[in-house]
Amino acid sequence: MSIQRRGFLTGVSITAVSVAGCLGSRAADSPSDLGELTVGVTTSTYDSGLLDALHSAFESTYGVTIRAVAGGTGETLARGERGDVDVVMAHARSLEDEFIQSGHGVNRRDFAYGDFVIAGPPDDPAGIAAVDTASEAFSRIAATESTFLSRGDNSGTHVQERAIWDDSEASPAGEWYTEAGLGMGETLIQANQRGAYLITVRGNYIDLRDRLDLDIFVEGPVTGGDPALDNPYGVIVVNPARHDVDYEIAMLYVGFLTGTEGQTIIEEYTIDGQQVFYPNGLSKDPNFDQYTPSDES
Amino acid sequence: MIETTPVGPVTAGTLFDANFLLVDVPFEQGYIESIIRVSLLVSLTAVILSTLVGLPVALAVGFTEFPGKRLVVALINTGMGLPSVVVGLLVLFGVSNQGPLGSLDLVFTREAMIISQFVLATPVVTGVSLAAVTEIEDGVRDAAYVMGGTRLDVALVTISEARAGIVTAVLAGLGRAISEVGSVLIVGGNIVRADGTSVTRTLTTAIQLEARQGRFEIALLLGGVLIALVLVINGIVLRIGGRRY
């Protein structure tokens with residue numbers, strides 16, 4: 001029996017040694033001496049693969065390792081507020097303005113935009129194919145009590161959806177209105193299965209369209225549709241006076257994203273052969289709105 | 001993850017089709033290996049620590065009679081049912097930059113993931129070990145005492161007798177740790193470097209990510225890898241520590 005016990009202990013110590021070996025290699029995991037930058041990013045840019053392209057270029061140019069933490073805009077801004085990330089990426093201007101006005105972030109810049117679309121089952125029970133604006137489409141969906149699936153997670157898409165409901169003066173209440181509480185991809189799949197209408201980031205729709213039986217009924221501004229479906233992405237540095245932020249590297253990141261190299265990568269990035277992010281970090285014309293809370297809020 | 005290859009929808013047919021496993025998985029070289037490595041590193045470390053804490057506690061509680069013992073046992077057993085998301089949030093508030101451990105910079109690291117899995121696995125290791133130790137008849141312990149054994153000797157005899165149960169406890173703790181997704185997602189952040197090697201992404205958080213993007217078949221494939229991994233670990237541990245099986 002004592003032999004067996006020794007066997008057990010040997011097993012434990014081998015495991016402990018090998019695990020300790022792995023732990024020790026943590027330092028070797030960081031290829032650079034220049035440090036790390038933790039960036040809170042939106043799921044739509046992350047899931048599309050755009051950030052992989054941007055971040056590999058940034059890492060090889062500057063030798064800084066980027067740790068990207070994906071989440072909805074609400075979740076990402078909360079991470080910035082706690083100082084758990086150095087930079088935040090977001091796509092809900094009202095929440096971003098609040099974030100800056102409360103002093104959690106500095107130096108907001110626009111770096112790209114895409115758009116949202118409203119999609120639904122091909123038989124279009126609410127008859128929204130005939131309307132041009134998002135708010136009108138929402139009104140019809142509410143009036144016909146057609147199934148609608150919301151993200152329900154305080155993400156940028158969810159914030160946009162609520163803004164459109166406010167415009168439409170219809171109220172998103174009743175058995176037809178449901179909240180998924182899931183990411184964009186899962187919400188699209190669920191809407192597909194349930195034959196529900198939804199508002200979605202165009203890129204995520206394109207990414208999954210091969211397996212979706214959902215049609216786009218209201219187009220966003222990228223294809224000349226309703227400007228209310230605009231989807232601008234902003235980047236904000238977490239306030240270095242409040243948290244231990246590596247401010248210079250954070251600004252290097254913002255500079256890269258809004259500079260020629262980053263903007264070119266965004267311009268050339270496609271999903272399934274189609275461009276879904278449009279760079280807007282460089283502009284000869286003044287773009288003062290990007291720095292300050294917009295007038296509407 | 002840059003080049004995503006579209007994969008057809010999963011049907012009962014494709015699931016059992018041999019070609020299914022040959023699906024051109026859209027990952028960079030070394031991606032899956034690195035998430036397996038992180039999963040093992042985090043969960044094994046957490047469970048070893050849980051065992052180092054949980055087993056002595058189980059022995060202490062099992063061997064002594066004290067007022068409130070039933071309450072302690074009830075608390076340990078309740079701990080087995082702690083929701084992983086709640087543990088993740090509590091650990092996050094602890095290690096977050098504004099939390100009490102904020103200065104250690106642990107948020108979104110493997111160390112933070114080890115802490116949360118340790119919290120999750122310890123009650124399981126303790127509770128199951130305690131049940132195993134309690135099962136050993138008093139007669140065995142009395143005999144050890146009568147033969148002149150010290151408290152330590154008695155403990156060793158009991159551990160030896162309860163060995164199979166204790167191995168089960170460790171495996172149950174490992175199962176709890178390696179299969180949970182709620183807490184590691186919150187405290188680890190599911191981070192992968194741009195070159196496709198995992199920093200804090202585990203098999204479970206990778207599965208969650210694939211599901212979020214609607215790539216259910218790849219999520220299932222990773223689930224299969226996780227199950228296979230747990231099976232192999234079970235085989236190894238049972239061989240080392242539980243020859244009775």
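**Strand pairing, domains and helix packing in chain A**

In strand E2 of chain A, Ala70(A) is the bridge partner of Val41(A), and in the same strand Val69(A) serves as the bridge partner of Gly40(A). These pairings, like everything described below, are taken from a predicted model. They belong to the association of strand E1 (residues 36-42) with strand E2 (residues 65-71) of chain A, which pair in the parallel sense over 7 bridges. Strand E1(A) also pairs with strand E3 (residues 87-90) of chain A, again in the parallel sense, over 2 bridges; within E3(A), Val87(A) is the bridge partner of Val39(A).

The burial of these strands was considered next. In E1(A), 6 of the 7 residues are buried, so that this strand is largely enclosed by the rest of the structure. Strand E2(A) is mostly covered, with 7 of its 7 residues buried. The cover of E2(A) extends to both of its faces, since Thr65(A), Arg67(A), Val69(A) and Gly71(A) are buried on one side, and Ile66(A), Ala68(A) and Ala70(A) are buried on the other. Val69(A) and Ala70(A), named above as bridge partners of Gly40(A) and Val41(A), therefore belong to opposite sides of E2(A), and both are buried.

For the chain as a whole, the secondary structure of chain A comes to 12 helices and 12 strands. Chain A has 297 residues, of which 47% count as buried. Among the contacts in chain A that link residues at least 6 apart in sequence, 75% join residues that are at least 24 apart.

Chain A is divided into two domains, with domain 1 made up of residues 36-113 together with 231-283, and domain 2 made up of residues 115-229. The C-alpha centres of domain 1 and domain 2 of chain A lie 26 Å apart. Where the two meet, 19 residues of domain 1 of chain A are in contact with 17 residues of domain 2 of chain A. On the domain 1 side of this contact, the elements that give two or more residues are helix H3 (43-48), helix H5 (73-82) and helix H6 (93-101) of chain A. Of these, H3(A) gives the most to the side of domain 1 that touches domain 2, with 4 residues. By class, the residues on this side of domain 1 of chain A divide into 6 nonpolar, 11 polar and 2 charged.

Helix H5(A), one of the elements on the side of domain 1 that touches domain 2 of chain A, contains several buried residues, namely Thr73(A), Thr76(A), Leu77(A), Arg79(A), Gly80(A) and Glu81(A). The helix is followed by Gly83(A), whose phi is positive, near 80°.

The packing of two further helices of chain A was also examined. Two packed helices are described by the angle between their axes and the distance between the axes. The axes of helix H7 (residues 134-143) and helix H8 (residues 156-168) of chain A come within 8 Å and cross at roughly 80°, which makes H7(A) roughly perpendicular to H8(A). The residues that meet are Ala134(A), Ser135(A), Phe138(A) and Ser139(A) in H7(A), and Ile164(A), Trp165(A), Asp167(A) and Ser168(A) in H8(A). By class, this contact of H7(A) with H8(A) has 4 nonpolar, 3 polar and 1 charged residues.

Elsewhere in helix H7 of chain A lies Ala143(A), which counts as exposed because it has 11 C-beta neighbours inside 10 Å. Ala143(A) and Ala196(A) are 53 residues apart in sequence, and their C-alpha atoms are 15 Å apart in space. In the loop between H7 and strand E5 (148-150) of chain A, Glu145(A) is found; its phi is near 50°, a positive value in a residue other than glycine. Glu145(A) is partly exposed, with 13 other C-beta atoms within 10 Å.

A positive phi is also found in chain B, where that of Asn190(B) is near 55°, in a residue that is likewise other than glycine. Asn190(B) has its place in the loop between helix H9 (182-188) and helix H10 (203-212) of chain B. With 26 other C-beta atoms within 10 Å, Asn190(B) is buried, whereas Glu145(A) is partly exposed.

Notes: Residues are numbered from 1 along each chain as its sequence is written. Chains are lettered from A and ligands numbered from 1 in the order in which they are written. This is a predicted model: local features need pLDDT of at least 70, side-chain atom pairs count only at pLDDT 80 or more; totals for chains, interfaces and linings use all residues. Domain bounds come from an automatic or database domain assignment. Two residues are in contact if their C-beta atoms, placed from the backbone, lie within 7 Å. Ala, Val, Leu, Ile, Met, Phe, Trp, Tyr, Cys and Pro count as nonpolar, Asp, Glu, Lys and Arg as charged, and the others, Gly among them, as polar. A residue is buried if 20 or more other C-beta atoms lie within 10 Å of its own, exposed if 12 or fewer, and partly exposed in between; C-beta atoms are placed from the backbone. Two strands pair if DSSP finds at least two bridges between them. Axes are lines fitted to C-alpha atoms, for helices over the stretch in contact, and angles run from 0 to 180 degrees between N-to-C directions. Angles under 35 degrees count as roughly parallel, over 145 as roughly antiparallel, 65 to 115 as roughly perpendicular and the rest as oblique.
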